[in-house]
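Here are some notes to read beside the model. They are set out as numbered points, so that each can be checked on its own.

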Amino acid sequence: MAEFYQFYPNVVALIGSRHGDKTNLMPAVWQTGVSKDPMIYVVSVSPKRFTHQLIKSSGVFSANFIDFKYLRTLVTLGSFSGRDRNKIKETGIELKPSKQLDVPVMKSAYAAFECSVQDIVSAGDHDLFIGKIVFIHESADIQPGSGTINCNTVKPILYLGNDMYVTLDPGSIVTIKRSRT
Ligand SMILES: Cc1cc2nc3c(=O)[nH]c(=O)nc-3n(C[C@H](O)[C@H](O)[C@H](O)COP(=O)(O)O)c2cc1C
């Protein structure tokens with residue numbers, strides 16, 4: 001059978017985890033919101049990842065969304081495991097205080113969620129971490145409160161597969177209001 005990555009491009013989030021004296025970040029493209037009320041966010045993490053171990057132990061995680069200009073840092077964070085090396089130190093990433101949960105929140109993120117794990121569902125070779133969003137950090141760049149990023153000031157990182165990345169051209173955005181009958 002053919003590979004199934006035709007659903008790309010998808011935004012990549014940096015999943016933050018912390019347990020004891022270990023703090024870690026890993027890119028995840030298999031992530032999305034699945035419920036509005038309550039706000040539920042799901043990320044699919046392989047049991048091989050150190051992130052998996054940390055989230056399972058702590059029961060909390062963060063999802064950080066960063067600008068395309070930080071793409072190289074994101075790729076570095078996905079190039080080795082935090083199990084034996086301190087990714088935060090090696091990349092020089094700056095964290096800021098979290099608000100509700102003990103999770104790493106990136107200073108440079110244009111948005112970040114603090115999530116508490118409601119359930120872990122096995123899905124083939126990955127596990128789905130179903131997180132209730134308990135706090136949303138938003139930078140001033142992104143039309144705070146609207147839930148929609150401003151693509152003139154922020155460029156999301158989208159993964160295209162096969163180590164290729166792309167961002168949005170604001171000129172390509174089309175708005176079509178639905179007529180609800
Ligand atoms: C763009 C990109 C997207 C990725 N998406 C996922 C994902 O959705 N789930 C996953 O388990 N691993 C994913 N990975 C792989 C992990 O990020 C990578 O194995 C990372 O080094 C694991 O780090 P850790 O062991 O410190 O948790 C992705 C990697 C990249 C570069």
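The points below go through the ligand site, one arginine, the nonpolar cores, the first helix and some backbone details of this predicted model.

1. Ligand shell. The ligand is surrounded by 21 residues, and those that come nearest are N24, S44, T51, S81 and G82. By type, the shell divides into eleven nonpolar, eight polar and two charged residues.

2. Backbone atoms at the ligand. Three places where a backbone N or O atom faces a ligand oxygen deserve a look. For G82 the distance is 2.7 Å, for F50 it is 2.9 Å, and for G78 it is 3.5 Å. On its own the ligand has 650 Å² of accessible area, and the protein covers 88% of that. Strand 3 (22-28), strand 5 (40-45) and helix 1 (50-58) are the elements that give two or more residues to the shell. Strand 3 has the largest share, with four residues.

3. R18. Is this arginine, in strand 2 (residues 13-19), buried or exposed? The relative accessible area of R18 is 19%, and the cut-off for buried is under 20%, so R18 counts as buried. The side chain of R18 makes a polar contact of 2.8 Å with the side chain of D102 and another of 2.9 Å with the side chain of T23. Leaving aside residues up to four places away in sequence, R18 touches T23, L54, S58, L95, D102, V103 and P104. Anyone checking the surroundings of R18 can start from that list.

4. The largest nonpolar core. This core has 20 residues, and L14, L25, I66, L74 and M106 have the most contacts inside it. Helix 2 (71-77) and strand 8 (105-106) are the elements that give two or more residues to this core. Helix 2 gives the most, with three residues. Which residues does L74 touch, not counting those up to four places away in sequence? They are V12, L14, P27, I66, I157 and Y165. Apart from the largest core lies another, of 19 residues, with A28, V45, I55 and I142 among them.

5. Helix 1. The buried residues of helix 1 are F50, T51, H52, L54 and I55. Their cover includes strand 2, strand 3, strand 5, strand 6 (60-65), strand 9 (111-123) and strand 10 (126-138). Two of these residues have come up already: F50 has a backbone N or O atom 2.9 Å from a ligand oxygen, and T51 is one of the residues that come nearest to the ligand. Two others also appear above, since L54 is among the residues that R18 touches and I55 belongs to the core of 19 residues. After helix 1 comes G59, with a positive phi near 75°.

6. Cis peptide bonds. Two bonds before proline should be noted. Y8 and P9 are joined by a cis peptide bond with omega about 5°, and P9 lies in the segment before strand 1 (10-11). The bond from D37 to P38 is also cis, with omega near 5°. P38 sits in the loop between strand 4 (31-35) and strand 5.

7. Positive phi in one loop. N162, in the loop between strand 11 (158-161) and strand 12 (164-166), has a positive phi near 50° although N162 is not a glycine. D163, in the loop between strand 11 and strand 12, has a positive phi of about 65° and is not a glycine either. Are these two residues buried or exposed? The cut-off for exposed is over 50%. N162 has 70% relative accessibility and therefore counts as exposed. D163, at 66%, counts as exposed too.

8. K96. This lysine is in strand 7 (residues 95-96). At 30% relative accessibility, K96 counts as partly exposed. K96 touches V105, M106, K107 and H137, not counting residues up to four places away in sequence. One of these, M106, has been named for its contacts inside the largest nonpolar core. K96 and Q53 are 43 residues apart along the chain, and their C-alpha atoms are separated by 23 Å.

Note on methods. Residues are numbered from 1 along each chain as its sequence is written. This is a predicted model: local features need pLDDT of at least 70, side-chain atom pairs count only at pLDDT 80 or more; totals for chains, interfaces and linings use all residues. Side-chain values use heavy atoms; hydrogens and water are left out. A residue is near a molecule or strand if one of its heavy atoms lies within 4 Å of it. A polar contact is a pair of N or O atoms within 3.5 Å; within protein, one must be able to donate a hydrogen and the other to accept it, and residues adjacent in sequence count only if both atoms are side-chain atoms. Accessible areas come from the Shrake-Rupley method with a 1.4 Å probe; for residues, only the protein chains shown count as cover. Ala, Val, Leu, Ile, Met, Phe, Trp, Tyr, Cys and Pro count as nonpolar, Asp, Glu, Lys and Arg as charged, and the others, Gly among them, as polar. Buried means under 20% relative accessible area, exposed over 50%, partly exposed in between (1.4 Å probe, protein chains only). Contact means heavy atoms within 4.5 Å. A nonpolar core is a set of buried Ala, Val, Leu, Ile, Met, Phe, Trp, Tyr and Cys residues joined through side-chain atoms within 4.5 Å.
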